[in-house]
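Q: Please take a close look at one part of this structure, its nonpolar core, and explain what sits there and what surrounds it. I am a first-year student, so plain wording would help.

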Amino acid sequence: MLVETTNMVNAGNGTRENTEEYTLGNRKFTAEPESKTMKVGDIEEIEIKGEPFNVFGENKISNEEYTWVGDNEASIKTEPGKLTAIGEGTAHIEITDKV
């Protein structure tokens with residue numbers, strides 16, 4: 001299993017009054033573990049780590065904020081934050097920020 005992340009999405013807000021624009025934060029993230037050898041039946045929890053930020057002050061990163069796609073459905077079942085080995089083979093998991 002190899003986990004790839006697509007990150008570096010910026011969240012921002014601006015104002016036109018003074019023609020100034022403000023960047024409020026970023027959405028850089030990593031997934032841990034980055035790779036793992038699993039046996040059929042194994043379940044692996046994937047943790048998203050990053051610099052959470054939003055205008056409401058919530059600091060928790062939710063797995064539901066990301067799209068999780070595996071390239072080998074015969075060997076791995078992919079759910080947000082959770083991978084289950086269901087057959088032999090190699091799988092790559094792509095995690096993409098929905099923002």
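**The nonpolar core and its surroundings**

A: The largest nonpolar core has 14 residues, and those that touch the most other members are I46, I48, Y66, W68, I76, I93 and I95. Strands β4 (29-32), β7, β9 (82-85) and β10 (92-97) each supply at least two residues of this core. The model is predicted, which applies to every value that follows.

First, the setting. The protein chain contains 10 strands and 0 helices. Its pattern along the sequence is therefore a run of strands, β-β-β-β-β-β-β-β-β-β. Of the 99 residues in the chain, 26% are buried. Contacts that span a long stretch of sequence are also counted: among those between residues at least 6 apart, 47% join residues at least 24 apart.

Now take W68, one of the core residues named above. W68 is located in strand β7, which covers residues 66-70. W68 counts as buried because its relative accessibility is 10%, and the cut-off for buried is under 20%. Leaving out residues up to four places away in sequence, W68 touches I46, I48, N63, T78, E79, P80, G81, I93, E94 and I95. That list includes I46, I48, I93 and I95, which are also among the core members named at the start. Besides these contacts, the W68 side chain reaches the backbone oxygen of N63 at 3.1 Å. W68 can also be placed relative to T96: the two are 28 residues apart in sequence, while their C-alpha atoms are 6.7 Å apart in space.

I48 is another of the named core residues. With residues up to four places away in sequence left out, I48 touches F29, T30, A31, I61, N63, Y66, W68 and I95. N63 therefore appears twice in this account, once as a contact of W68 and once as a contact of I48.

Two of the residues touched by I48 are F29 and Y66. The structure has 1 aromatic pair. That pair is formed by F29 and Y66, whose ring centres are 4.6 Å apart and whose planes make an angle of 55°, so the pair counts as tilted. Because F29 lies in strand β4 and Y66 in strand β7, the pair ties together parts that are 37 residues apart in sequence. F29 and Y66 are both buried.

F29 leads on to strand β4, where the side chains alternate. F29 and A31 point to one face and are buried, while T30 and E32 point to the other face and are not buried. Strand β4 pairs with β6 in the antiparallel sense over 4 bridges. Within that pairing, T30 has K49 in β6 as its bridge partner.

K49 also takes part in a salt bridge, where its side chain meets that of E32 with an N to O distance of 3.4 Å. This pair links distant parts of the chain, with K49 in strand β6 (residues 47-50), E32 in strand β4, and their positions 17 residues apart in sequence. K49 counts as partly exposed because its relative accessibility is 36%. E32 has a relative accessibility of 37% and so is partly exposed as well.

Side chains of opposite charge can pair when their charged atoms come close. There are 3 salt bridges in the structure. Another of them joins E44 and K36, with the closest N and O atoms 3.6 Å apart. Here the two partners fall into separate classes: E44, at 14% relative accessibility, counts as buried, whereas K36, at 36%, counts as partly exposed. A further salt bridge is formed by the side chains of E79 and K77, at 4.0 Å from N to O. E79 is partly exposed because its relative accessibility is 27%, and K77 is partly exposed at 44%. E79 is also one of the residues that W68 touches.

Finally, E79 and K77 both appear among the contacts of T84. T84 lies in strand β9, a strand that supplies at least two residues of the core. T84 is buried because its relative accessible area is 14%. Not counting residues up to four places away in sequence, T84 touches D42, I43, S75, I76, K77 and E79. One of these, I76, is a core residue named at the start.

Methods. Residues are numbered from 1 along each chain as its sequence is written. This is a predicted model: local features need pLDDT of at least 70, side-chain atom pairs count only at pLDDT 80 or more; totals for chains, interfaces and linings use all residues. Side-chain values use heavy atoms; hydrogens and water are left out. Buried means under 20% relative accessible area, exposed over 50%, partly exposed in between (1.4 Å probe, protein chains only). Contact means heavy atoms within 4.5 Å. A polar contact is a pair of N or O atoms within 3.5 Å; within protein, one must be able to donate a hydrogen and the other to accept it, and residues adjacent in sequence count only if both atoms are side-chain atoms. A nonpolar core is a set of buried Ala, Val, Leu, Ile, Met, Phe, Trp, Tyr and Cys residues joined through side-chain atoms within 4.5 Å. Rings of Phe, Tyr and Trp (its six-membered ring) pair if their centres lie within 6.5 Å; planes under 30 degrees apart count as stacked, over 60 as edge-to-face and the rest as tilted. Two strands pair if DSSP finds at least two bridges between them.
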